There are 2 protein chains.
Amino acid sequence: MSGATIYDVAAASGASIKSVSRVLNGEANVSTALRERVLAAVESLGYRRNMSARGLAGATSSIIAALVDAQLTIEHWRSGRGNDYLSRLEMGVLMEVRRADHHLMVELIDHASPNLRRDLSALLASVRPRGVILTPPNSDHPIVLETLEEAGVAYARIGPERNLSQGVCVAMDERQAAFDMTKHLIELGHRRIGFVTGPIAYAASQRRLEGFRNAMADHGLPIMEGSVAQGDFTFQSGLAAIAGFLDRNLPLTAVFASNDDTALGVLQGAAARGLRTPQDLSIAGFDDTPGAMFATPSLTTIRQPVTEMAALAARGLIPGYQDKDAPASVSPGGCLLAPYALVVRNSTGAVTP
Amino acid sequence: MSGATIYDVAAASGASIKSVSRVLNGEANVSTALRERVLAAVESLGYRRNMSARGLAGATSSIIAALVDAQLTIEHWRSGRGNDYLSRLEMGVLMEVRRADHHLMVELIDHASPNLRRDLSALLASVRPRGVILTPPNSDHPIVLETLEEAGVAYARIGPERNLSQGVCVAMDERQAAFDMTKHLIELGHRRIGFVTGPIAYAASQRRLEGFRNAMADHGLPIMEGSVAQGDFTFQSGLAAIAGFLDRNLPLTAVFASNDDTALGVLQGAAARGLRTPQDLSIAGFDDTPGAMFATPSLTTIRQPVTEMAALAARGLIPGYQDKDAPASVSPGGCLLAPYALVVRNSTGAVTP
DNA sequence: TTGAAAGCGCTAACAT
DNA sequence: ATGTTAGCGCTTTCAA
């Protein structure tokens, strides 16, 4: 039952193992009759291809590896901040992978290690994954990309910054999303809007800032001196940013933070200084992490389509799965674009004069 | 470089492939001289055993599979609640797995599917994992356990309820933790404490309630009529529970919810009715999810050692790794026990008469 | 203590 | 359109 091999299927269906293999892999040149006999045998024997044997005989295994940054992950874990990004990513990969009889493997890689190249190529040699999924900031890591190229392993990059045509590129329109959020605030009557950036190392930080700037410019609004604070995607940096704004008596009516953790920091910092949200200060975030929904007030934010991006990535890595569903839209650079959403909750409101 | 095989290592060290294999697997009967020559060759060639070949030739692969419940996971994802449990679990497995040259695979299984047995045994036949990690409620799922036994695959159960000696059992002392939290509230002067339970399907729900009851009894405190509300681990059920308490004018000074999501619901519901926390109502949770830290006020809770439990589970599944570190404590039932922690934050305070 | 040889269950060339 | 055969890189007998 559980130990049926391709030979058993061949025997039961009166075909050769090669024909069985053809059917299983959806190759051409199989008569309908044979295909059906084979499929029937597969079903009745409960046959499943042995993953190890496939991996050993073929050029790659049936594994999609998510390369997760060790430092970042451990830091997330230590801080108690959680890692919502990772679980949403996995969700997307898992949904695709199961349909194609593939598997998800999670691997930690340390992008700052001096042994990065050695460790990564050892991993690739040992596992020989069908494809690898890279998340920021590894999506743009030169050594990682180089090692992958050398090993001839297919890879998908989520939210990459440069050389968008290298590998499968999947992204969301960060700039447009930040533009939309800023526009949302402006339409609520806000004119003096503060912004808290993300860390410089992340390409997304820059895009989000651009979207903010563009929206302000498009509506003829100036960006006040000192109203753009440098943050680093942490709660702490949100606390620091709002403290800075208030200490300098900037007459802001809204603050747009580059991610939710930061926005939550702004929210708490503002509350600590006696400001009510949204009456005295509207606050917007970016990402739509779980905390956004449960905050008081709940946070207006951009839902980042992590799951959808991961699904597109996985689909792009598994041959024969690209276009089974509606084709995704594509950016000028050639990236597959997943749709974000502006989620309006209770932390933003009309400006009260 | 990346394609070195065991034959290359054998040639470079002047040994047979069997000797190389012996060294790699830490088997006995290898002279020190030979071992060192082999190790040197391994190092200089950058050799790593091919995962697929190992899996094909041996009885099991070098994969630890985390069996994640599909329904639960998809539901978490849909609701935007996040899945902190999963990422903490993976963290623990990943830390152990890399030291033993093993890998983490994440698989979705649907515990409510009529095809559960078939799907699971197909998975096991295909992957042949070194071991499988089960989380609640699958830790006690009879079909899952049966299928695993039949397939002869080792498994670890996290937080199981029954037959604790079956498989590797890993847990925390839920009852004692709930006892400690209740005691914390009592020591702050609270005498009228409400409790919100978890879903009946979870063994932990019952344990936590017992801990609460025991602590109340130990301190000679009665449990007021109607002060134990049925919840289901969701934010909504917290909202409902506090609404129920308040509608019936129960003079509670504190509420202990069975998990953080529920506690956050209680917190928000209480605030909506004009109660300040902790001045008017102290609120305690359980789990220490990311939301607990960022809530306003931040939530007093029990830090569930998910990562540590997962690490113990992984260690228990990889032969030769059991006792490399300090041995874990063991419960009467034979479970490995990971240490929880009472995290006192700002949602609990002394009762104000 | 060491080694030779036989598979594990597939895929991939190469027939037919 | 179908089948034969030779590996893939290990672990596992079995010998020496």
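What share of the 353 residues in chain A is buried? The answer is 53%. Please keep in mind throughout that the model before us is a predicted one.

Let me begin with the overall form of chain A. Its secondary structure comprises 14 helices and 13 strands. Along the principal axes, its C-alpha atoms occupy a box of roughly 85 × 45 × 35 Å. If we take the contacts in chain A between residues at least 6 apart in sequence, 72% of them join residues at least 24 apart.

I turn next to the two protein chains together. A turn of 180°, with a shift of 0.0 Å along the axis, lays chain B on chain A with an RMSD of 0.1 Å. This is the relation of a two-fold axis. The same surface serves both copies, for 100% of the contact residues of chain B recur in chain A.

How many residues of chain B are in contact with chain A? There are 52, and they meet 52 residues of chain A. Several elements of chain B each supply at least two residues of this side, including α5 (70–79), β2 (103–109), α7 (116–127) and α12 (260–272). The largest share, eight residues, comes from α6(B). By class, the side of chain B that touches chain A has 22 nonpolar, 20 polar and ten charged residues.

One residue illustrates this meeting of chains. Gly291(B) is placed in helix α13 of chain B. Is Gly291(B) buried or exposed? It is buried, because 29 other C-beta atoms lie within 10 Å, and the threshold for that term is 20 or more. Leaving aside neighbours within four places in sequence, Gly291(B) is in contact with Pro290(A), Gly291(A) and Phe294(A) on one chain, and with Asp260(B) and Leu264(B) on the other. Notice that Gly291(B) touches its own counterpart, Gly291(A). Within chain B, Gly291(B) and Thr262(B) are 29 residues apart in sequence, and their C-alpha atoms are 11 Å apart in space.

Let us now look at helix α6 of chain B, which spans residues 84–99. Its 16 residues reach 24 Å from the first C-alpha to the last, close to the 22 Å expected at 1.5 Å a residue. Of those 16 residues, 13 are buried, so α6(B) is largely enclosed by the rest of the structure. After this helix comes Asp101(B), whose phi is positive, near 55°.

A second enclosed helix is α14 of chain B, residues 306–317. Its twelve residues should span 16 Å at 1.5 Å a residue, and the end C-alpha atoms are 17 Å apart, which agrees. Eleven of the twelve are buried, so α14(B) too is largely enclosed by the rest of the structure. Among these buried residues are Val306(B), Met309(B), Leu312(B) and Ala313(B), and also the charged residues Glu308(B) and Arg315(B). What do the buried residues of α14(B) pack against? They pack against β1 (63–69), α6, β3 (131–134), β4 (155–158), β5 (168–171) and β12 (336–337) of chain B.

Ala313(B) leads us to the nonpolar core. The largest such core has 185 residues, and those with the most contacts inside it are Ile133, Val170 and Ala313, each in both chain A and chain B. Not counting residues up to four places away in sequence, Ala313(B) touches Ile133(B), Ala156(B), Ile158(B), Val168(B) and Val170(B). As a general remark, nonpolar side chains in soluble globular proteins tend to be buried together.

Elsewhere in chain B, Phe245(B) sits in helix α11, residues 235–247. Phe245(B) counts as buried because it has 24 C-beta neighbours inside 10 Å. Beyond four places in sequence, Phe245(B) touches Gly194(B), Ala229(B), Leu250(B) and Leu252(B).

Finally, I come to the DNA. Strand C is surrounded by 28 residues, the closest being Ile6(A), Ala53(A), Ala57(A), Ser16(B) and Asn29(B). Helices α2 (17–24) and α4 (51–57), from chain A and from chain B, each supply at least two residues of the surface near strand C. Around DNA strand D there are 28 residues, of which Lys18(A), Asn29(A), Ser31(A), Ile6(B) and Ala57(B) come nearest. Here again, α2 and α4 of both protein chains give two or more residues. The surface near strand C has 14 nonpolar, ten polar and four charged residues, and the surface near strand D likewise has 14 nonpolar, ten polar and four charged residues.

Notes: Residues numbered from 1 in each chain as written. Chains lettered and ligands numbered in written order. Predicted model: local features only at pLDDT ≥ 70, side-chain atom pairs only at ≥ 80, totals over all residues. Helix = DSSP H or I, 4+ residues; strand = E, 2+ residues; numbered from the N terminus. Expected span 1.5 Å × (residues − 1). Core = buried A, V, L, I, M, F, W, Y, C linked by C-beta atoms within 7 Å. Contact = placed C-beta atoms within 7 Å. Least-squares fit on C-alpha atoms with pLDDT ≥ 70 in both. Near = placed C-beta within 6 Å.
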